[in-house]
Amino acid sequence: MKFTIVSRGDERSNKIKAKMKQYLIDFDLIYNEENPELVISVGGDGTFLEAFRLYVDKLDTTAFLGVHTGHLGFYTDWTSNEIEKLVIEIAKTPFHVVEYPLLEVIIRFKDEEKSLRSLALNETTIKTVEGSVVFDVQIRGEHFETFRGDGLCISTPSGSTAYNKALGGGIIHPSLEAIQVTEIASINNRVFRTIGSPLILPKHHTCLLRPLGKDSFIIAFDHITKSFNNVKSIQCRVAKERVRFVRYRPFPFWNRVRDSFVTEVKRDE
């Protein structure tokens with residue numbers, strides 16, 4: 001099997017990367033950064049997102065696995081002191097794959113230049129440099145509302161525990177093929193009115209955002225932020241592609257949620 005390892009870049013993560021790489025090569029696995037079948041991230045959820053973006057064009061043939069060198073993350077199943085056990089699992093055990101849905105974002109431009117298509121594992125956020133964003137929000141081709149506010153966050157189920165949750169969005173189990181549209185500081189008064197609640201759209205529903213007024217935006221795809229001008233529309237829906245996670249042991253989603261947000265951390269007296 002061909003594999004590669006993406007490290008957070010700090011000393012500890014780099015040492016673990018080097019150790020795992022040598023162990024797996026000793027087990028006759030092939031280190032291949034071009035076309036890996038298994039991508040191992042060593043760091044945290046941010047490192048995992050980086051690994052995803054590096055191989056986003058190879059999702060059909062690549063699966064991902066995370067080792068955390070800090071706090072437990074949603075995409076990192078293994079701890080740094082389990083490296084030997086993990087290496088043996090990778091070398092000796094056929095892995096089980098779990099697939100989660102992704103977000104597809106298509107940005108179209110007024111000057112008819114080629115549209116831009118991108119995938120997000122966690123979310124896409126849409127804001128402006130200053131002032132409010134104003135969008136005609138269409139769902140399934142019909143006008144739903146006119147949104148005014150600081151921006152919008154469109155998240156995947158697996159990303160619903162990230163920025164979406166901080167905005168008051170709901171936590172969605174990643175087995176559900178859906179996206180969630182959550183407002184960022186919407187303007188609601190006697191003149192302007194939005195739904196004021198997150199919207200959960202199934203995979204056959206498309207959300208289309210048409211700018212009213214400003215056509216320049218700051219759009220983030222997971223941890224990567226870019227500026228766009230002359231934006232005609234932004235289309236969001238569940239992508240046909242899916243991300244594949246490697247599982248060597250069960251780690252139920254709700255256990256991750258509990259451990260991340262509910263379980264108290266024991267501190268030394």
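# Exercises on a predicted model

Ile187 lies in the loop that connects β11 and β12. The structure is a predicted model, and the exercises below refer to that model.

**Exercise 1.** Determine whether Ile187 is buried, partly exposed or exposed, and establish which residues Ile187 touches.

*Solution.* Step 1: the relative accessibility of Ile187 is 28%. Step 2: a residue is buried under 20% and exposed over 50%, with partly exposed in between. Ile187 therefore counts as partly exposed. Step 3: once residues up to four places away in sequence are set aside, Ile187 touches Ser132, Arg148, Gly149, Phe192, Arg193 and Thr194. Step 4: for a separation across the model, take Val98, which is 89 residues from Ile187 in sequence and 39 Å from Ile187 in space, C-alpha to C-alpha.

**Exercise 2.** Identify the buried residues of helix α3, explain why they are on the same side of α3, and state what they pack against.

*Solution.* Step 1: α3 spans residues 83-92, and its buried residues are Ile83, Leu86, Val87, Glu89 and Ile90. Step 2: these residues lie on the same side of α3 because they cover an arc of only 160 degrees around the axis. Step 3: the packing partners of the buried residues are α1 (11-26), β3 (38-43), β4 (63-68) and β5 (78-79).

**Exercise 3.** Apply the same procedure to helix α5.

*Solution.* Step 1: within α5 (residues 253-261), Phe253, Arg256 and Val257 are buried. Step 2: the arc that they cover around the axis is only 100 degrees, which puts them on the same side of α5. Step 3: the buried residues of α5 pack against β16.

**Exercise 4.** Describe the largest nonpolar core: which members touch the most other members, and which strands each supply at least two residues?

*Solution.* Step 1: the core has 27 residues, of which Ile107, Ile126, Phe135, Ile154, Leu209, Ile219 and Ile234 touch the most other members. Step 2: at least two residues of this core come from each of β6 (96-109), β9 (133-139), β10 (142-155), β11 (178-186), β12 (199-202), β13 (207-211), β14 (217-221) and β16 (231-247). Step 3: consider Ile234 in detail. Leaving aside neighbours within four places in sequence, Ile234 contacts Val105, Ile106, Ile126, Phe135, Cys207, Leu208, Leu209 and Ile219. Step 4: a second, separate core comprises 19 residues, including Phe3, Leu24, Val67 and Leu86.

**Exercise 5.** Characterise the burial of β13 and its pairing with β9 and β16.

*Solution.* Step 1: four of the five residues of β13 are buried, leaving the strand mostly covered. Step 2: β9 and β13 run antiparallel and are joined by five bridges. In this pairing, Phe135 stands opposite Pro211 of β13. Step 3: β13 and β16 also run antiparallel, and three bridges join them. Here Cys207 stands opposite Cys236 of β16.

**Exercise 6.** Locate Ala185 and Asp222, and describe the backbone phi of each.

*Solution.* Step 1: Ala185 belongs to strand β11. Although Ala185 is not a glycine, it has a positive phi of about 50 degrees. Step 2: Asp222 occurs in the loop between β14 and β15 (224-228). The phi of Asp222 is near 55 degrees, which is likewise a positive value in a residue other than glycine. Step 3: the relative accessible area of Asp222 is 8%, so Asp222 is buried.

Notes:
Residues are numbered from 1 along each chain as its sequence is written. This is a predicted model: local features need pLDDT of at least 70, side-chain atom pairs count only at pLDDT 80 or more; totals for chains, interfaces and linings use all residues. Side-chain values use heavy atoms; hydrogens and water are left out. Buried means under 20% relative accessible area, exposed over 50%, partly exposed in between (1.4 Å probe, protein chains only). The arc is that of the directions from the helix axis to the C-beta atoms. Contact means heavy atoms within 4.5 Å. A nonpolar core is a set of buried Ala, Val, Leu, Ile, Met, Phe, Trp, Tyr and Cys residues joined through side-chain atoms within 4.5 Å. Two strands pair if DSSP finds at least two bridges between them.
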